[in-house]
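Here are some exercises to work through with the model open beside you. Try each task before reading its solution.

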Amino acid sequence: MPQSPGHATQPIVSRHVAVIGAGAAGLVTARELRREGHSVVVFERGDQVGGLWVYTPNVESDQIGLDPTRTTVHSSVYHSLRTNLPRDSMGFSDYPFVAKDDPDRDPRLFPGHREVMMYLQDFAREFGIDELVRLETEVVRVRFVEEEEKWKIKSKQRHKEMDEIFDAVVVCNGHYTQPLVSHVPGINKWSGKQMHSHNYRDPKPFQDQVVVLIGNSASAFDISRDLVGVAKEVHIAARTVKCETFGKQPAYDNLWLHPMIKNVCEDGSVHFQDGSFVIANIIIHCTGYKYHFPFLETNGFVIVDDNRVGPLYKHIFPPALAPWLSFVGIPFQVITFPMFELQSKWIAGVLSNRITLPSQEEMMEDVKALYSSLEASGTPKRETHALDDKQVWWLMTYFQYKFC
Ligand code: FAD
């Protein structure tokens with residue numbers, strides 16, 4: 001009988017699998033692994049499931065996020081945040097994110113962050129994932145033990161450390177926590193304050209301030225609109241807008257759009273590339289995040305280079321360690337929750353032998369072909385995982401394995 005692509009003929013087996021993180025990616029991964037018959041432990045350093053959707057008013061001790069010894073906070077969610085996708089596109093396939101007839105819930109099409117957290121917590125309860133999750137347990141080290149061909153995970157729960165052995169590890173630790181900060185010439189002598197959008201929570205501290213935001217992402221857009229009601233002036237320095245939109249923004253008295261910052265000076269001035277300047281109190285870097293896997297030891301088989309995590313076959317499997325190490329949720333500019341579900345179905349099926357991966361060499365060739373095509377199109381390495389208008393093709397790629 002002809003086999004569908006990637007269909008395996010080996011006996012179906014159950015593995016002992018560690019999932020790192022209980023955000024949307026980790027929760028659906030745990031469900032898919034268990035459905036496939038694997039035994040699963042989910043490690044979660046927070047005190048509840050939901051990942052970045054668990055809002056906290058707390059911020060980090062170094063608000064720009066450069067000091068490696070700072071106290072860290074996982075979530076980047078701000079108080080006013082509503083989803084930027086309609087809820088219909090944020091549900092898992094058999095557990096839609098529908099509005100609930102409950103006065104405690106948010107029925108809007110683009111609901112606030114608490115509603116997403118509650119959806120994820122309902123999902124975890126509904127599928128019994130809660131019982132697989134070890135809360136307040138941080139993974140501090142993940143290492144492949146060659147002699148045993150197993151993964152050794154060291155975790156820490158309060159003051160207790162534990163070493164355990166797993167057949168496979170799925171990394172779902174999120175990638176919106178480690179701030180990426182742009183270099184601003186003159187910043188070391190600048191007299192104002194700086195922070196990253198990761199530590200923005202609400203507009204109150206910015207009362208009557210002149211604020212400059214760097215970036216043109218969803219967070220720069222949201223935060224600027226949050227600030228206009230309380231700040232004296234809000235200025236956005238953006239790289240990727242058409243110049244005819246620069247200047248004072250229609251419908252606002254105190255919001256301006258500028259080209260990028262040229263430099264800043266000791267007197268508090270911020271100079272833009274078109275020669276204009278403002279005297280500002282604070283700069284907020286809305287400049288994105290770095291992939292960060294401080295716990296992962298792979299002897300160089302997986303590295304982060306200019307925010308490219310690689311090599312990863314289809315953004316999931318490092319060829320040399322597949323399928324025993326995998327990643328869910330690496331791509332961005334994508335419909336996230338459905339992608340997590342499709343990626344995790346694939347991983348679960350490969351681990352049970354129901355689906356086969358191509359050989360290590362073939363996977364490496366595929367990764368190299370992707371890198372070559374990105375280079376040919378002038379795409380910088382840091383955009384490797386930006387799916388954007390290519391996401392339908394990628395989702396179809398993941399989708400075909402669902403039926404294998
Ligand atoms: P996270 O939700 O970050 O979860 C990772 C989990 O891993 C966390 O619980 C963390 O505590 C845990 N963890 C990390 N390291 C360790 C460790 N060493 N040991 C144990 N546990 C660990 N997507 C949308 O679909 N719609 C939106 O509207 C939307 N808005 C967004 C707004 C903002 C400001 C941001 C930053 C992102 C937004 N996203 C949105 C994208 C968002 O990333 C995804 O929706 C998704 O929730 C990410 O899930 P995740 O599980 O990959 O990561």
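## Exercise 1: An edge of a sheet

Lys 248 has Trp 256 of strand 13 as its bridge partner. Keep in mind that this is a predicted model.

**Task.** Which strands form the sheet that contains strand 13, and in what order?

**Solution.**
- Start with the local pairing: strand 12 and strand 13 (residues 255-258) are joined by two bridges and are antiparallel.
- Now widen the view. The open sheet has six strands, ordered 9-17-10-11-13-12, and its pairing is mixed.
- Finish at the edges: strand 9 (193-196) and strand 12 (247-248) each pair on one side only.

## Exercise 2: A second sheet

**Task.** Find the bridge partner of Val 142 in strand 19, then place strand 19 in its sheet.

**Solution.**
- The partner of Val 142 is Leu 296.
- Strand 4 (residues 137-145) and strand 19 run parallel and are joined by two bridges.
- The sheet is open, has four strands in the order 6-5-4-19, and shows mixed pairing.
- Its edge strands are strand 6 (160-166) and strand 19 (296-297), each of which pairs on one side only.

## Exercise 3: A buried acid

**Task.** Where is Glu 44 found, and how far away is the nearest side chain of opposite charge?

**Solution.**
- Locate the residue first: Glu 44 belongs to the loop that connects strand 2 (39-43) with helix 2 (113-126).
- Next, check its charge partners. Glu 44 is buried, and the nearest oppositely charged side chain is that of Arg 45, 5.5 Å away. A salt bridge needs a separation within 4 Å, so Glu 44 has none.
- Then look for another polar partner: the Glu 44 side chain reaches the backbone nitrogen of Ala 22 at 2.8 Å.
- Last, list its neighbours. Leaving out residues up to four places away in sequence, Glu 44 touches Gly 21, Ala 22 and Gly 23, along with Val 133, Arg 134, Leu 135, Glu 136 and Thr 137.

## Exercise 4: Around the ligand

**Task.** How many residues surround the ligand, and which are the closest?

**Solution.**
- The ligand is surrounded by 28 residues, and the closest are Glu 44, Trp 53, His 74, Asn 84 and Thr 336. Glu 44 is thus back from the previous exercise.
- Now sort some polar contacts by the protein atom involved. His 74 uses a polar side-chain atom, 2.7 Å from a ligand oxygen.
- Asn 84 instead has a polar backbone atom 2.8 Å from an oxygen of the ligand.
- For Leu 52, a backbone N or O atom lies 2.9 Å from a ligand oxygen.

Terms used
Residues numbered from 1 in each chain as written. Predicted model: local features only at pLDDT ≥ 70, side-chain atom pairs only at ≥ 80, totals over all residues. Heavy atoms only, no water. Buried < 20%, exposed > 50% of the residue type's maximum accessible area, 1.4 Å probe, protein only. Lys, Arg positive; Asp, Glu negative; His and termini not counted. Polar contact = N/O pair within 3.5 Å; in protein donor to acceptor, adjacent residues only side chain to side chain. Contact = heavy atoms within 4.5 Å. Pairing = 2+ DSSP bridges. Near = heavy atom within 4 Å.
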